[in-house]
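Biologist: I would like to learn how to read a model like this one. Please take me through it feature by feature.

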Amino acid sequence: MENSPGAEGREGCLTVAVRLPVRVVVVVLVLPVRVVWDLLVSGVEALWRGVVVPVGRVLVVVPFGWLYGLVLTPLGHAISWVYRVVLTPMGRGVGWLLWAVFVWPWVTLWRYVAAPVLRYGLVVPAVWLYRHLLAPLAVLLLVVPAVWLHRTVLAPLGRAALVVLREIGAALGHAWRIGGFVSRAVGRGLKWLVWNLAGRPLRWAYATLLAPVGHWVRDAVL
């Protein structure tokens, strides 16, 4: 009954009805986010390569290498020697004494007294009660109603929700790709605008004015 032709037809109609409005709304919402995201990623990459990496290398890597080689390594060797020669034998003797005084009596009491009492006085009756009474009662009161609820209500709702989520995911992917195209177009437009407003005039000024003046100063004055 779950895979009947009527159910497949209803899912197809729901897919067609949901797809177009969801994609339009998602494109409108995701397009500005994608453009801003690409600009932020480009700026962060430039900041990381130009500022954070060189400063981190100067402030962290070089001092840490010096500290590790001249301070931490000799200190670690000294601590290892003290631990191996002094603390390890002392710790073994103290550990044996603590085991004999505090741990061994409780282990013996648990193994030969408490464990048998708990097993035959509590665990065995509890297992018998669960197997012969609680498990059949739970099946009757919980499993049967849950199976009916799943087949009658949750499965149809899950299929409908799956269709809607699938279309939303497809719309998000489509909108993200459109946003990438628009972002690249905006980047090319900004590059062209900066070049024509700043780069080209500066290049013309350098080639037409600054270079001849510099050559004249170099040849005639200096």
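Biologist: Let me start with a single residue. Is Glu167 buried or exposed?

Modeller: This is a predicted model, so keep that in mind throughout. Burial is read from relative accessible area, and under 20% counts as buried. Glu167 has 3%, so Glu167 is buried. Glu167 lies in helix α1.

Biologist: Which residues does Glu167 contact, leaving aside its neighbours within four places in sequence?

Modeller: Thr15, Val18, Arg19 and Val22.

Biologist: How many helices and strands does the secondary structure hold?

Modeller: One helix and zero strands. Helix α1 covers residues 5-221.

Biologist: And what share of the protein's residues is buried?

Modeller: Of 222 residues, 9% count as buried. The accessible surface is about 18100 Å². Carbon and sulfur atoms account for 77% of that surface.

Biologist: How do I read the contacts by sequence separation?

Modeller: Take contacts between residues at least 6 apart in sequence. In this protein, 78% of them join residues at least 24 apart.

Biologist: Which residues form the largest nonpolar core?

Modeller: Seven residues: Val18, Val22, Val26, Val27, Val30, Ala171 and Ala175. Two of the names, Val18 and Val22, are also contacts of Glu167. Now look at Val26. Leaving out residues up to four places away in sequence, Val26 touches Ala171, Leu172 and Ala175.

Biologist: Now the charges. How many salt bridges are there?

Modeller: The general idea comes first. Side chains of opposite charge can pair when their charged atoms come close. Here the count is one salt bridge. The side chains of Asp38 and Arg34 form it, at 3.0 Å from N to O.

Biologist: Why are Asp38 and Arg34 separated by about one helical turn?

Modeller: Because they sit four residues apart in helix α1.

Biologist: Are Asp38 and Arg34 buried or exposed?

Modeller: Asp38 has a relative accessible area of 19%, so Asp38 is buried. Arg34 is at 12% and also counts as buried. Recall the cut-off: buried means under 20%.

Biologist: Which residues form the nonpolar patch on the surface?

Modeller: Leu47, Trp48, Val51, Val52, Val55, Leu59, Val60 and Val61. Together they have about 760 Å² of accessible area.

Biologist: Take Val61 from that patch. Where is Val61 placed, and what is its relative accessible area?

Modeller: Val61 is in helix α1. Its relative accessible area is 52%, so Val61 is exposed. Set that beside Glu167, which is buried at 3%.

Methods:
Residues are numbered from 1 along each chain as its sequence is written. This is a predicted model: local features need pLDDT of at least 70, side-chain atom pairs count only at pLDDT 80 or more; totals for chains, interfaces and linings use all residues. Side-chain values use heavy atoms; hydrogens and water are left out. Helices (H or I, at least four residues) and strands (E, at least two) are DSSP runs, numbered from the N terminus. Buried means under 20% relative accessible area, exposed over 50%, partly exposed in between (1.4 Å probe, protein chains only). Contact means heavy atoms within 4.5 Å. Accessible areas come from the Shrake-Rupley method with a 1.4 Å probe; for residues, only the protein chains shown count as cover. A salt bridge is a side-chain nitrogen of Lys or Arg within 4 Å of a carboxyl oxygen of Asp or Glu. Patches are made of residues with over 30% relative accessible area and no salt bridge: like charges are joined within 9 Å, nonpolar side chains (Val, Leu, Ile, Met, Phe, Trp, Tyr) within 5 Å. A nonpolar core is a set of buried Ala, Val, Leu, Ile, Met, Phe, Trp, Tyr and Cys residues joined through side-chain atoms within 4.5 Å.
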